[in-house]
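I opened this entry to keep a record of what I looked up, going from the chain as a whole to its cysteines and then to its pockets.

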Amino acid sequence: MSRSCVKEFILEIWKGQRYKVPSSLFLCQNLIHLELFNCLLKPPSTFKGFRNLKSLDLQHITLSQDVFENLISSSPTLERLTLMNFDGFTHLNIDAPNLQFFDIGGVFDDVTFENTFHLALVSIGLYVNGKNDQAMGPGNSCKLLRFFVHLPHIRRLEIQSYFLKYLAIGNVPSRLPRPCVDLNYLSIRINFNDLEENLAALCLLRSSPNLQELEMLARPEETGIGVLTNFWEVDHWTSLFSQLRMVKIVGISGIRSELEFIKFVLSNSPVLETMTIKPASLEGGWDLIKELLRFRRASARAEIIYLDPQLQ
């Protein structure tokens with residue numbers, strides 16, 4: 001078969017070291033979908049990108065910083081990008097004018113978007129617990145601001161693992177300069193006892209006026225570290241969760257900051273239909289239920305559903 005006829009290529013190597021992809025792959029200029037697992041990418045110097053590529057899925061992959069950036073920027077029709085467990089580069093510079101879907105999980109130092117004004121679905125997880133003490137250079141805004149500059153039409157956002165800690169680096173504003181008016185689903189993994197992470201979460205909530213579904217995932221290994229009190233009791237709000245209908249809160253242990261947040265959401269969500277609570281363990285479960293039932297609800301029809309933590 002002629003290389004010009006190949007439109008979809010999937011290669012999964014399940015055993016052994018990274019498999020070096022043959023240079024002939026980079027001659028398949030009509031590729032639309034490329035999927036590689038446990039591979040090493042070293043394209044020839046003559047490689048100018050996949051001009052017709054729409055979907056790229058790279059998992060357990062090795063490639064250099066230059067190769068990664070060139071692969072993305074020279075694939076102008078790219079619409080879907082999945083990147084999981086990679087090495088060889090640490091800066092994710094995403095320049096993709098037609099990108100609509102971005103799913104990433106791994107260890108990296110930085111992520112920036114350029115020309116991604118069509119990007120609508122983003123799931124991003126940072127697998128290492130970085131310290132929130134990285135100094136921002138002169139004139140640089142905080143990570144949270146930089147992250148959203150080129151995401152004006154984002155509709156669904158999942159912040160996984162420790163990525164909220166990354167977003168909290170720098171001086172977190174009270175809200176984003178431009179609200180995320182299209183964002184209707186937000187999932188955040190958070191340490192409810194971390195002040196910076198709570199500030200970043202509050203900024204996102206304030207900047208999402210049309211949010212309909214919210215999921216908050218407590219990191220169970222950190223819920224007992226430190227004590228953050230009164231953060232969510234302060235009047236942070238100038239407008240309500242006017243569209244919020246479904247909330248799910250998972251992994252809580254009943255500490256005060258978690259309960260304050262639940263109370264905050266219940267009292268500021270006039271059209272809320274269901275709030276599902278799934279604690280990290282059975283300890284104190286009934287006491288937690290009794291505490292939640294006492295909270296005032298802005299929505300008369302809001303129902304609190306308590307899930308057994310032992311259920312999957």
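I began with the surface of the protein chain in this predicted model, and I noted an accessible area of about 15,000 Å², of which 50% belongs to carbon and sulfur atoms. I then looked up burial, and of the 312 residues of the protein chain 49% count as buried.

For the secondary structure I wrote down six helices and 15 strands. Turning to contacts between residues at least 6 apart in sequence, I found that 65% of them join residues at least 24 apart.

Next I asked how many disulfides there are by the rule used here. The count comes to zero, and since a disulfide needs two cysteine sulfur atoms within 2.5 Å, I looked up the distance for C142. Its closest cysteine sulfur is that of C203, 7.1 Å away, which is too far for a bond. Seen from the other side, C203 is likewise in no disulfide, with the sulfur of C142 as its nearest cysteine sulfur. I also checked whether these residues are covered: C142 is buried at a relative accessible area of 4%, and C203 is buried at 0%.

Last, I turned to the largest pocket, for which I noted a volume of about 230 Å³. It is lined by 13 residues, and those closest to its centre are F148, V149, P152, R178 and P179. Sorting the lining of the largest pocket by class, I recorded 10 nonpolar residues, one polar residue and two charged residues.

Notes. Residues numbered from 1 in each chain as written. Predicted model: local features only at pLDDT ≥ 70, side-chain atom pairs only at ≥ 80, totals over all residues. Heavy atoms only, no water. Buried < 20%, exposed > 50% of the residue type's maximum accessible area, 1.4 Å probe, protein only. 1 Å grid on protein atoms, 1.4 Å probe; cavity = no way out; pocket = protein on both sides within 12 Å on 5 of 7 lines; lining within 4 Å. Points joined across faces, edges and corners; volume = space filled by probe spheres on them. Nonpolar A, V, L, I, M, F, W, Y, C, P; charged D, E, K, R; others polar. Helix = DSSP H or I, 4+ residues; strand = E, 2+ residues; numbered from the N terminus. Contact = heavy atoms within 4.5 Å. Areas by Shrake-Rupley, 256 points an atom, 1.4 Å probe, with all protein chains shown as cover.
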